[in-house]
Amino acid sequence: MKSINAINNIPLHYARLVNHPYGTRGEQRQFSIDSNFLEVLKNAFDEVFSSCPLGIPEVVTTAGIFVNKPGQHGHGTAFDLDAIFWTNETLVTKNFIHQKELYLGVESFLRKHFGIVLNYNYPNHQDHWHVDTSVPVDYNEASKSETLYLQMVLKHIYGKPVIIDGLSGPQTRGHTKDVFDRLNINTPITTKANYLKFLDITGKVAFKLSEENITPLQLLENLETVIDQLPAANKHDVREALNSFVDNDETSTWLNGITHHHDLDSVIDHVLAS
Ligand SMILES: [Zn+2]
């Protein structure tokens, strides 16, 4: 075990306190960590932040590394990542819906280093990523957390209309095959080399997309995602209100005049050529 308060000179902070609540930069702390796990974390941070267009952050907040409880945290071999703070930009994991591209860019590179990554859509992990090395890096169709990630990037990065439920089936497999063909990656995804290549290219595509301007159409999509998560009692009224807004003659004229999204194909071509 080692005691650290930074990784690769990036200060590690704790922000789950009354005076330093979740989502703030918090305060720097010492954390106990297994020495071998620290090396994996250093390599992962190195790759994430050298690939990220925002560069090296000023602060990373963590909910903990060694925690006196059963499981990987009890050995100092798991890390909970709450948020990342750059000079002018912040990624708070709970804000996933509004920062999908940046979030999925970071996660794609984390997955190259950690066999276990639990994200926003995994139960009880809306407000942090849990990463550990208790299983090897690969893609297993039966893995809920890996399939959630796959479905999230198919939908939010590659624009495929897939249902995000963590269960792999014909729909997920079909869209995966289409995307792999488009990216010139051999199938199946269950072969480690193919999966690593997918993670690498997807991380780069997601980061590139995160640099583009957000259009009102994307903001509308975010709103729809938020409405989908509302309790059933409120969902109907809010959806009706949104629908009448969108269907209004003036708003629909305005929305129809907005060109959709980023040009995904040119972003993919750019990444494949680099
Ligand atoms: Zn954890």
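This is a short talk about a zinc site, a helix and two buried residues in a predicted model.

Okay, some ground rules. Residues are numbered from 1 along each chain as its sequence is written, and side-chain values use heavy atoms, with hydrogens and water left out. Because the model is predicted, local features need pLDDT of at least 70 and side-chain atom pairs count only at pLDDT 80 or more, while totals for chains, interfaces and linings use all residues.

Let's start with the zinc ion. Its donors (N, O and S atoms within 2.8 Å of the metal, or 3.2 Å for Na, K and Ca; water is not among the atoms, so sites may look incomplete) come from His-73 (NE2), Asp-80 (OD), Asp-80 (OD) and His-130 (ND1), at 2.0 to 2.8 Å. His-73 sits in the loop between strand 6 and strand 7, and His-130 in strand 10, 57 residues apart. Both are buried (under 20% relative accessible area with a 1.4 Å probe, protein chains only; exposed is over 50%, partly exposed in between): His-73 is at 4% and His-130 at 10%.

Now, helix 2. Helices here are DSSP runs (H or I, at least four residues), and strands are E runs of at least two, numbered from the N terminus. How many of its residues are buried? In helix 2, 12 of 12 are, including Leu-102 and Phe-109.

Just before helix 2, in the loop after strand 8, is Gln-99, buried at 13%. Leaving out residues up to four places away in sequence, Gln-99 touches Thr-90, Leu-91 and Val-92; contact means heavy atoms within 4.5 Å.

Last one: Thr-202 in helix 5 is buried at 0%. Beyond its neighbours within four places, Thr-202 contacts Ser-108, Tyr-149, Val-153 and Tyr-158, and Ser-108 is one of the buried residues of helix 2.
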